[in-house]
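Trainee: I would like to learn how to read a pocket and the ligand in it. Can we work through one case?

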Amino acid sequence: MPRPISVTISVSALAHNLGVVRQHLDQATAAGAARSAGTPRVPPSIWAVIKAHGYGHGIEQAMQGFAQADGLAMLDLAEAAHCRESGWGKPLLLLEGYFEPDDLHVVDRHRLTTVVHCQPQLDMLARFRPQHPLNIFLKLNTGMNRLGFEPGAYRQAYRHAQELQARGVVGTLGRMTHFANADGPQGIAAQHDVFRRVAGDLPGPASVCNSAATLRYPEIAVADSPAASWVRPGICLYGASPFFDTDAASFGLRPAMSLRSRIIAIQALQPGDTVGYGSLFTAQAPTRVGVVACGYADGYPRHAGTGTPIVVEGVRTRVLGRVSMDMLAVDLTPVPDASIGAPVSLWGADGPSVDEVAQAAGTIGYELLCALAPRVPVRTTP
Ligand SMILES: *Cc1c(COP(=O)(O)O)cnc(C)c1O
């Protein structure tokens, strides 16, 4: 019999979360239409971001769950090709573009949409003769300083791309940027101003919003023509929050990943006894401790110390001491009847949220979802 740990991926939760984002954008669109009476307004299209193996949920699961998305966005060319080959007919976006000239054959063959974020990429494109014009998003660096043409070079790059468009190398020519602080107090104002000043008057679709910006500033994604605007939510589609201080449930989002295991041993600690490596937890009173088959080699964060929330037999309790490679200890005081075999929820539908566990470990839900270890068996539910 395998270890009693497994992860369940709910395809319906993925689909539900996409619907929540869609509804949120519809509401912002209606509000925008009310403000600008006369100007027709349409909701933005949605790239569902499935990089990092669908934030740890699996590419197949993400493709099923996001079947109603307008497109899928990712980094890996092979993953994009796989999506196309397994029947995804709608757009696929490469968020980092391509890395060498030969990649453009893959982009062309699979009709991928690609980001172009630097001059060498544009030069590779200029030397390429595609079978079909390639749809691109030319990326502007508005202050994140990761990818994108700097503001002073953007319009020249855009003109260059327009020449390629006239030659049939480029099809749709879009504009894109990425916000550094959509989730924080700084917000997006400064970067959005740069985007509007440098690229606001140029034709073609625009794509600026990640999850945080989509949830917090949906109005900036509302456009006046179909396909003029694309949002790029990732984390919220998996039912986790992009914000430190607002949980995913308050948006109506549902966790799509549930990590579960069982208790495999029970210890009765006397006052002064300790548990685990480093003896970091010392019992003050007689304490029943459950040992759970889940450790950092499964993707549970080692930095989640005593007090991290965890659910045993439906009852919320806490982790005790240091997480080890294959096991961790929990306080059974609130669940006195729990015995060996008792079900444990580490995060997800019937456990704490992945964001709560992440906060206790000094990280973000993104990292825990992406770090789920391949050794954990996956069950997919419709
Ligand atoms: C990862 C990523 C996203 C999605 O970000 P979330 O915070 O998960 O919504 C959007 N755009 C780009 C360019 C990204 O790299």
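**Reading the pocket**

Mentor: The largest pocket has a volume of about 740 Å³. This is a predicted model: local features need pLDDT of at least 70, side-chain atom pairs count only at pLDDT 80 or more, and totals for chains, interfaces and linings use all residues. Residues are numbered from 1 along each chain as its sequence is written, and side-chain values use heavy atoms, without hydrogens and water.

Trainee: How is empty space found?

Mentor: A probe the size of a water molecule is rolled over the atoms, and that shows where space is left. Here a pocket is an open set of points on a 1 Å grid over the protein atoms alone, where a 1.4 Å probe fits, with protein on both sides within 12 Å along at least five of seven lines. Lining residues have an atom within 4 Å of a point.

Trainee: How many residues line the largest pocket?

Mentor: The lining has 33 residues. Lys-51, Tyr-55, His-178, Asn-210 and Tyr-366 lie nearest the centre.

Trainee: Where is the ligand?

Mentor: The ligand sits in the largest pocket (more than half of its atoms lie within 2 Å of the pocket's grid points).

Trainee: Which polar contacts does the ligand have?

Mentor: A polar contact here is a pair of N or O atoms within 3.5 Å. A polar side-chain atom of Ser-211 lies 2.5 Å from a ligand oxygen. For Tyr-366, a side-chain N or O atom is 2.6 Å from an oxygen of the ligand. Ile-235 uses a polar backbone atom, 2.8 Å from a ligand oxygen.

Key: A polar contact is a pair of N or O atoms within 3.5 Å; within protein, one must be able to donate a hydrogen and the other to accept it, and residues adjacent in sequence count only if both atoms are side-chain atoms. Grid points are joined across faces, edges and corners, and a volume is the space filled by probe spheres set on the points.
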